[in-house]
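Please open the structure in your viewer and keep the selection tool at hand. The stops below are meant to be visited in order, each one beginning with something to select.

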Amino acid sequence: MNSDGTYGHWIGGRWHEPAGAHYPVVNPATEETVGRAPEAGPADVDAAVRAAREAYEGWSRTSPAERAAILERIADVLASRSADLVPLLQQETGATIRVASSMQIPTAVDRFRRYARGALEPDTIPFAPQPVRTSPLAPGGLVNAAAVRRPLGVVACITSYNFPLVNLAGKVAPALAVGNTVVAKPAPQDPLTCLLLGGIMREAGLPDGVFNVITGSGAAAGEALVAHPGVDMISFTGSTAVGQAIARAAGASMKRTLMELGGKGAAIILEDAAPGVLRSAISAVGSTWAFHSGQICTAPTRVLVPRGRYEQVITALEQYARSLTVGDPVDNSTVVGPLITAGQRDRVEAYVAGAREQGARVVTGGARPDLKPGYYVAPTLLADVTPGMAVAQEEIFGPVVAALPYDSEDEAVGIANGTPYGLYDYVFGSDTARAWALAARLRSGNVGINTVQRHPETPFGGFKHSGIGRDGGSFGLHAYSELQAVVW
Ligand code: NAD
């Protein structure tokens with residue numbers, strides 16, 4: 001960072017001043033400028049891709065052990081910088097201090113450590129020898145073969161706001177472990193710590209050009225990256241609409257894509273849910289309010305309740321929502337901080353207003369909290385929601401829960417599957433075998449049974465409009481590599 005609060009792009013192992021201007025990155029709680037990020041023009045994008053291309057030959061030929069050692073050192077340096085990075089991360093994301101300090105850096109560190117081990121995972125699948133008959137093509141004999149994972153080349157990692165370093169680490173760490181080089185394009189709203197990651201990587205011994213970061217306030221930087229002929233793969237996390245535009249553009253040059261897109265998670269509470277299970281369900285659904293103000297793609301934003309237990313669940317959820325402190329995210333007692341921008345707050349408010357007009361009941365929330373400055377939305381519970389309403393169909397990305405009653409398990413499955421999305425659904429019931437069977441009927445890439453907790457080794461991704469491809473655990477290594485068959 002420069003003394004005037006401006007940042008450069010990180011290209012080829014050094015700061016690179018943008019050809020154009022800088023734009024302000026705004027703290028969503030104070031509405032003050034945290035720093036000024038560089039605005040990438042086509043020349044900056046081209047410089048970043050060229051740096052990654054030039055570094056590819058060398059990096060892709062390093063040994064797995066060397067890549068593992070560097071990734072482990074990146075984790076060490078990142079962890080050692082936590083005290084400096086947490087305040088910046090907190091300011092640019094508006095995350096509560098609890099979330100910023102306990103999750104944003106530690107989870108990113110874990111991801112680098114995981115893929116340090118990942119670099120050492122076997123990359124070769126051997127096949128049993130096959131006796132093959134003589135043919136017009138070649139003489140017969142005992143033929144051997146193996147499938148080997150090879151890096152793809154230059155990977156463009158384009159990410160969404162909310163957990164900037166964690167999102168980026170989930171892409172960069174497996175991509176580097178396999179031997180790719182990277183150009184990262186973090187979200188416009190919270191890119192500053194991602195820019196600092198370049199220096200951390202360099203200090204850890206990553207060769208110059210292997211990791212580059214460019215930023216921009218609008219779509220142009222990402223678009224230029226997607227269109228660039230020097231990019232081999234686009235790894236994207238963001239909205240479905242942008243993912244569709246990227247997939248169309250990437251198709252023209254057959255770029256590989258990994259698409260982690262939006263979600264509209266359903267939490268199905270089963271008739272047999274005992275009091276303990278119901279309590280778990282309430283706090284799980286409550287995470288839509290309590291965890292990063294609902295700006296989470298996997299949040300259980302719809303709760304599906306047996307009609308006979310509907311009012312009981314509404315009352316429990318209302319009590320939960322009312323118990324959450326909304327306000328200044330750096331106050332230790334705050335649970336619900338601001339949304340990322342005024343525009344996002346207005347969008348969420350418009351959804352609530354629309355639901356009200358369509359006949360939904362606003363049980364709690366729904367009015368703008370009396371907090372200034374900051375882009376706050378109160379935890380909002382909507383009851384009497386019907387499956388066709390926009391709040392039951394579209395991703396809101398804010399602290400809003402829609403509660404829908406159901407009369408049969410078939411109807412619950414129909415409602416859960418009845419949106420274009422399929423990222424993460426949840427089942428809460430005392431008979432876990434029944435919940436397991438229900439999971440098979442859900443068109444969703446992930447299903448949580450009686451928990452919103454994650455398992456770091458599982459494949460992560462979406463069905464339907466929630467994405468294409470999987471990362472997470474060893475699946476991340478597969479996502480950033482291409483299989484080559486070798487026959488002898
Ligand atoms: P977004 O789609 O608006 O932006 C995501 C990224 O794409 C940003 O870096 C943006 O600058 C860039 N971009 C925008 N237009 C582009 C274009 N035409 N070409 C190339 N790049 C372009 O998403 P957002 O508002 O930052 O994030 C919220 C969305 O992200 C939600 O839909 C949420 O569900 C999703 N998300 C998904 C996951 C997941 O793992 N599935 C995780 C977090 C967020």
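**A pair within one helix**

Begin by selecting helix H10 (residues 310–322), which holds both Glu 318 and Arg 322, four residues apart and thus separated by about one turn of the helix. Please keep in mind throughout that this is a predicted model. With the two side chains displayed, you will find that they meet in a salt bridge, at 3.0 Å from N to O. Glu 318 is partly exposed, its relative accessible area being 21%, while Arg 322, with a relative accessible area of 54%, is exposed.

**From helix H11 to a loop**

Select next Glu 349 and Arg 368, whose closest N and O atoms are 2.9 Å apart in a salt bridge. Glu 349 belongs to helix H11 (residues 342–357) and Arg 368 to the loop between E16 and E17, so this pair ties together parts that lie 19 residues apart in sequence. Both residues count as partly exposed, Glu 349 at 22% relative accessibility and Arg 368 at 47%. If you now add Arg 345 and Asp 346 to the selection, you have the four residues that are linked with one another in a network of salt bridges, together with Glu 349 and Arg 368.

**Strand E16 and the loop after E17**

Move on to Asp 384 and Arg 361, which form a salt bridge with 2.9 Å between the closest N and O atoms. Here Asp 384 sits in the loop between E17 and helix H12 (390–393), whereas Arg 361 is in strand E16, so the pair ties together parts 23 residues apart in sequence. Asp 384 has a relative accessible area of 35% and is partly exposed, as is Arg 361 with 30%. For the structure as a whole, the number of salt bridges is 21.

**A lysine in the loop between E16 and E17**

Select Lys 372, which is found in the loop between strand E16 (361–364) and strand E17 (380–383). Lys 372 counts as exposed, at 80% relative accessibility. Show Thr 30 as well: although Thr 30 and Lys 372 are 342 residues apart along the chain, their C-alpha atoms are separated by 8.2 Å.

**The ligand and its shell**

Now select the ligand and expand the selection to the 28 residues that surround it, of which the closest are Thr 159, Lys 185, Ser 239, Leu 261 and Glu 395. By class, this shell has 14 nonpolar, 10 polar and four charged residues. Helix H7 (220–227), strand E12 (233–237) and helix H8 (240–252) each contribute at least two residues to the shell.

Which distances are worth displaying between oxygen atoms of the ligand and the side chains of Ser 239 and Lys 185? For Ser 239, an N or O atom of the side chain is 2.6 Å from a ligand oxygen, and for Lys 185 the corresponding distance is 2.8 Å. At Gly 238, by contrast, turn on the backbone, since a backbone N or O atom there lies 3.5 Å from an oxygen atom of the ligand. Of the 850 Å² of accessible area that the ligand has on its own, the protein covers 87%.

**A nonpolar patch on the surface**

Finish by selecting Ile 125, Phe 127 and Leu 483, which form a nonpolar patch on the surface and together have about 290 Å² of accessible area. Ile 125 is placed in strand E5 (residues 124–126), and at 38% relative accessibility Ile 125 counts as partly exposed.

Key. Residues are numbered from 1 along each chain as its sequence is written. This is a predicted model: local features need pLDDT of at least 70, side-chain atom pairs count only at pLDDT 80 or more; totals for chains, interfaces and linings use all residues. Side-chain values use heavy atoms; hydrogens and water are left out. Patches are made of residues with over 30% relative accessible area and no salt bridge: like charges are joined within 9 Å, nonpolar side chains (Val, Leu, Ile, Met, Phe, Trp, Tyr) within 5 Å. Accessible areas come from the Shrake-Rupley method with a 1.4 Å probe; for residues, only the protein chains shown count as cover. Buried means under 20% relative accessible area, exposed over 50%, partly exposed in between (1.4 Å probe, protein chains only). A residue is near a molecule or strand if one of its heavy atoms lies within 4 Å of it. A polar contact is a pair of N or O atoms within 3.5 Å; within protein, one must be able to donate a hydrogen and the other to accept it, and residues adjacent in sequence count only if both atoms are side-chain atoms. Ala, Val, Leu, Ile, Met, Phe, Trp, Tyr, Cys and Pro count as nonpolar, Asp, Glu, Lys and Arg as charged, and the others, Gly among them, as polar.
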